[in-house]
Amino acid sequence: MTSFPLLGEPLALDLINAGGRVADPGGLGAWLAAQDGRLAPAGPVGPAEVAAVGAVREAAGPLLEAARRGVRPPARELDALNAALAGAPAHRELSWTAGAGLTAAVHRTAGPARRLAAELAEAVAQLLTDPRVGEVRRCEAEGCVLLFLPAHPRRRWCVASVCGNRARVARYYARHKEAGA
């Protein structure tokens, strides 16, 4: 089973952080299952879904970096994200259910791969246009590349119980090594 080190951030960050773990149908299927209701059911995952999600993921990283710095986004990645958004237009469909009343569900036209890519591209677009995009941080732990949107301004690590503990243990050993020398 594929393990994802950090889930529960905005969906776009979860996608970027998934890295190569979503580069095959099994890994992408596991990631989609780990998202637990944050995305519309995708059905079986095959090479088309992997390619579509991979294209969104590859565009998301450079676009996020540009947005964090407040600079012009790269045109190629912007075009790729816009193509994913246009590949499965969304519309709301109203329905009436006794007990629940009137509801509006989002429906996307197109095949499963394009629908999934469009839904993820929408999550990326939401993050890129969020006023807090400049607050997205990279984990401060040595060797960690994960991104997160801190709920608290003093948050420094993606997962405090993993990267935070490693950093604290490294500092502890460094202090004791100096004291013993």
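Why is helix 1 largely enclosed by the rest of the structure? In this predicted model, eight of the eight residues of helix 1 are buried, so the helix is largely enclosed by its surroundings. The residues concerned are Leu11, Ala12, Leu13, Asp14, Leu15, Ile16, Asn17 and Ala18, and they pack against helix 2, helix 3, helix 5 and strand 4 (147-148). Helix 1 is followed by glycine 19, for which phi takes a positive value near 55°.

The overall architecture comprises six helices and four strands, arranged from the N terminus in the order α-α-α-α-β-β-α-β-β-α. Along the principal axes, the C-alpha atoms occupy a box of roughly 70 × 40 × 35 Å. Of the 181 residues of the protein, 35% count as buried. When contacts between residues at least 6 apart in sequence are considered, 48% of them join residues at least 24 apart.

The largest nonpolar core contains 34 residues, and within it Leu28, Trp31, Val56, Leu64 and Leu120 touch the most other members. Two or more residues of this core are given by each of helix 1 (11-18), helix 2 (25-34), helix 3 (47-69), helix 4 (75-86) and helix 5 (112-128). Apart from this core lies another, of 11 residues, which includes Cys139, Ala141, Leu146 and Trp157. The surroundings of leucine 28, one of the residues that touch the most other members of the largest core, can be described individually. With neighbours within four places in sequence left aside, leucine 28 is in contact with Arg21, Val22, Val45, Glu49, Val50, Val53 and Leu116.

Attention then turns to the pockets. The largest pocket holds about 170 Å³ of space, and its lining is made up of Ala40, Pro41, Ala42, Val106, Arg108, Pro112, Arg115, Leu116 and Glu119. Strand 2 (101-108) and helix 5 each supply at least two of these lining residues, with the largest share, four residues, coming from helix 5. In terms of residue class, six of the lining residues are nonpolar and three are charged, whereas none is polar. Leu116 therefore appears both in this lining and among the contacts of leucine 28, as computed from the model. The second largest pocket has a volume of about 150 Å³. Its lining consists of Leu63, Ala66, Ala67, Val71, Pro73, Leu78, Leu81, Asn82, Leu85, Ala125, Leu128 and Thr129. At least two residues of this lining are supplied by each of helix 3, helix 4 and helix 5, and helix 4 gives the most, with four residues. By class, the lining of the second largest pocket divides into 10 nonpolar and two polar residues, with no charged residue.

Positive phi values also occur in residues other than glycine. Aspartate 36, with phi near 45°, is placed in the loop between helix 2 and helix 3, and this residue counts as exposed because its relative accessibility is 66%, above the cut-off of 50%. Alanine 110, for which phi is near 110°, is found in the loop between strand 2 and helix 5. With a relative accessible area of 33%, alanine 110 is partly exposed, since this class lies between the limits of 20% and 50%.

The cysteines were examined for covalent pairing. A disulfide is a covalent bond between the sulfur atoms of two cysteines. The structure holds zero disulfides. For cysteine 139, the closest cysteine sulfur is that of cysteine 144, at 3.8 Å, which is too far for a bond, because a disulfide requires sulfur atoms within 2.5 Å. Cysteine 144 is likewise in no disulfide, and the cysteine sulfur nearest to its own, that of cysteine 158, is 3.7 Å away. Both residues are classed by their accessibility: cysteine 139 counts as buried at 6% relative accessibility, and cysteine 144 counts as buried at 15%, the threshold for this class being under 20%.

Methods
Residues numbered from 1 in each chain as written. Predicted model: local features only at pLDDT ≥ 70, side-chain atom pairs only at ≥ 80, totals over all residues. Heavy atoms only, no water. Core = buried A, V, L, I, M, F, W, Y, C linked by side-chain atoms within 4.5 Å. Buried < 20%, exposed > 50% of the residue type's maximum accessible area, 1.4 Å probe, protein only. Contact = heavy atoms within 4.5 Å. 1 Å grid on protein atoms, 1.4 Å probe; cavity = no way out; pocket = protein on both sides within 12 Å on 5 of 7 lines; lining within 4 Å. Points joined across faces, edges and corners; volume = space filled by probe spheres on them. Nonpolar A, V, L, I, M, F, W, Y, C, P; charged D, E, K, R; others polar.
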